Amino acid sequence: MNKLNQHEVQFDYFSSNYDQFEKDFYKYSALNVPLTFLTDDILSLMANNNSNFFRLTANKSKDKRDHYFFFRVQTPLENKMVRIFQYIGHKFINEK
């Protein structure tokens with residue numbers, strides 16, 4: 001993600017929602033990469049696809065299921081160019 005986008009698209013890092021996102025992500029992710037190193041890619045993916053969720057694929061999850069992480073997108077009144085992604089929950093596909 002380029003520097004311009006880093007200021008326009010962000011997680012609400014200092015919230016209890018983000019804390020829950022971290023817990024949920026680590027609960028299901030089989031990746032050996034810390035979430036900190038993935039956040040720019042996740043934000044870029046959601047922003048470029050104009051989406052409010054991303055999928056952790058079955059081959060990258062501990063239980064071999066697809067996991068979906070959903071966010072509410074907020075735009076602060078002070079700056080309409082900024083989009084803040086607030087975690088609202090997780091779902092998975094039952095197929096194994």
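The following paragraphs lead through a predicted model, from one helix to the core, the aromatic pairs and several individual residues.

Helix 2 offers a convenient starting point. It comprises residues 16-28, 13 residues in total, and spans 19 Å from its first C-alpha to its last, close to the 18 Å expected at 1.5 Å a residue. At its N-terminal end, helix 2 is capped by Ser 15, which places a side-chain oxygen 3.3 Å from the backbone nitrogen of Asn 17.

The two sides of helix 2 can be told apart by burial. Its buried residues are Tyr 18, Phe 21, Asp 24, Phe 25 and Tyr 28. Viewed down the axis of helix 2, these buried residues fall within an arc of 120°, and they therefore line one face of the helix. The spacing follows a general rule: an α-helix has 3.6 residues a turn, so residues three or four places apart point the same way. On the face turned away from the buried side, helix 2 carries the exposed residues Ser 16, Lys 23 and Lys 27. The buried residues of helix 2 pack against strand 1 (9-11), helix 3 (39-48), strand 2 (53-56), strand 3 (67-74) and strand 4 (83-92).

These elements meet again in the nonpolar interior. The largest nonpolar core has 18 residues, and those with the most contacts inside it are Phe 11, Phe 21, Met 46, Phe 54, Phe 69 and Phe 71. Two or more residues of this core come from each of strand 1, helix 2, helix 3, strand 2, strand 3 and strand 4. Phe 69 illustrates how these parts come together. At 0% relative accessibility, Phe 69 counts as buried. Leaving out residues up to four places away in sequence, Phe 69 touches Phe 21, Asp 24, Phe 25, Asn 52, Phe 53, Phe 54, Leu 56, Tyr 87, Gly 89 and His 90. Among these contacts, Phe 21, Asp 24 and Phe 25 also belong to the buried residues of helix 2.

Aromatic rings deserve separate attention, since the structure holds 21 aromatic pairs. A pair of aromatic rings is described by the distance of the centres and the angle of the planes. Phe 53 and Phe 70 form a tilted pair, 5.6 Å centre to centre with 35° between the planes. This pair links distant parts of the chain, with Phe 53 in strand 2 and Phe 70 in strand 3, 17 residues apart. Phe 53 is partly exposed, with a relative accessible area of 32%, and Phe 70 is likewise partly exposed, at 26%.

Phe 69 and Tyr 87 also form a tilted pair, with 6.4 Å from centre to centre and 35° between the planes. Here the linked parts of the chain are again distant: Phe 69 lies in strand 3 and Tyr 87 in strand 4, 18 residues apart. Tyr 87, at 5% relative accessibility, counts as buried, as does Phe 69 at 0%. Both residues belong to a cluster in which ring pairs link Phe 11, Tyr 13, Tyr 18, Phe 21, Phe 25, Tyr 26, Phe 54, Phe 69, Phe 71, Phe 85 and Tyr 87.

Two buried polar residues come next. Thr 39 is placed in helix 3 and counts as buried at 5% relative accessibility. The side chain of Thr 39 reaches the backbone oxygen of Thr 36 at 3.3 Å. Apart from residues up to four places away in sequence, Thr 39 touches Phe 11, Tyr 13 and Tyr 18, residues that also appear in the ring cluster.

Ser 61 lies in the loop between strand 2 and strand 3, where, at 0% relative accessibility, Ser 61 counts as buried. A polar atom of the Ser 61 side chain lies 2.8 Å from the backbone oxygen of Arg 65. Beyond its neighbours within four places in sequence, Ser 61 is in contact with Tyr 28, Ala 30, Leu 56 and His 67. Tyr 28 is one of the buried residues of helix 2.

Two loop residues conclude the account with their backbone angles. Lys 64 is located in the loop between strand 2 and strand 3. Its phi is near 60°, a positive value in a residue other than glycine, and Lys 64 is partly exposed, with a relative accessible area of 47%. Asn 50 occupies the loop between helix 3 and strand 2. Phi of Asn 50 is near 50°, again a positive value in a residue other than glycine, and Asn 50 is exposed, with a relative accessible area of 67%.

Key: Residues are numbered from 1 along each chain as its sequence is written. This is a predicted model: local features need pLDDT of at least 70, side-chain atom pairs count only at pLDDT 80 or more; totals for chains, interfaces and linings use all residues. Side-chain values use heavy atoms; hydrogens and water are left out. Helices (H or I, at least four residues) and strands (E, at least two) are DSSP runs, numbered from the N terminus. The expected span of a helix is 1.5 Å times one less than its number of residues. Buried means under 20% relative accessible area, exposed over 50%, partly exposed in between (1.4 Å probe, protein chains only). The arc is that of the directions from the helix axis to the C-beta atoms. Contact means heavy atoms within 4.5 Å. A polar contact is a pair of N or O atoms within 3.5 Å; within protein, one must be able to donate a hydrogen and the other to accept it, and residues adjacent in sequence count only if both atoms are side-chain atoms. A nonpolar core is a set of buried Ala, Val, Leu, Ile, Met, Phe, Trp, Tyr and Cys residues joined through side-chain atoms within 4.5 Å. Rings of Phe, Tyr and Trp (its six-membered ring) pair if their centres lie within 6.5 Å; planes under 30 degrees apart count as stacked, over 60 as edge-to-face and the rest as tilted.
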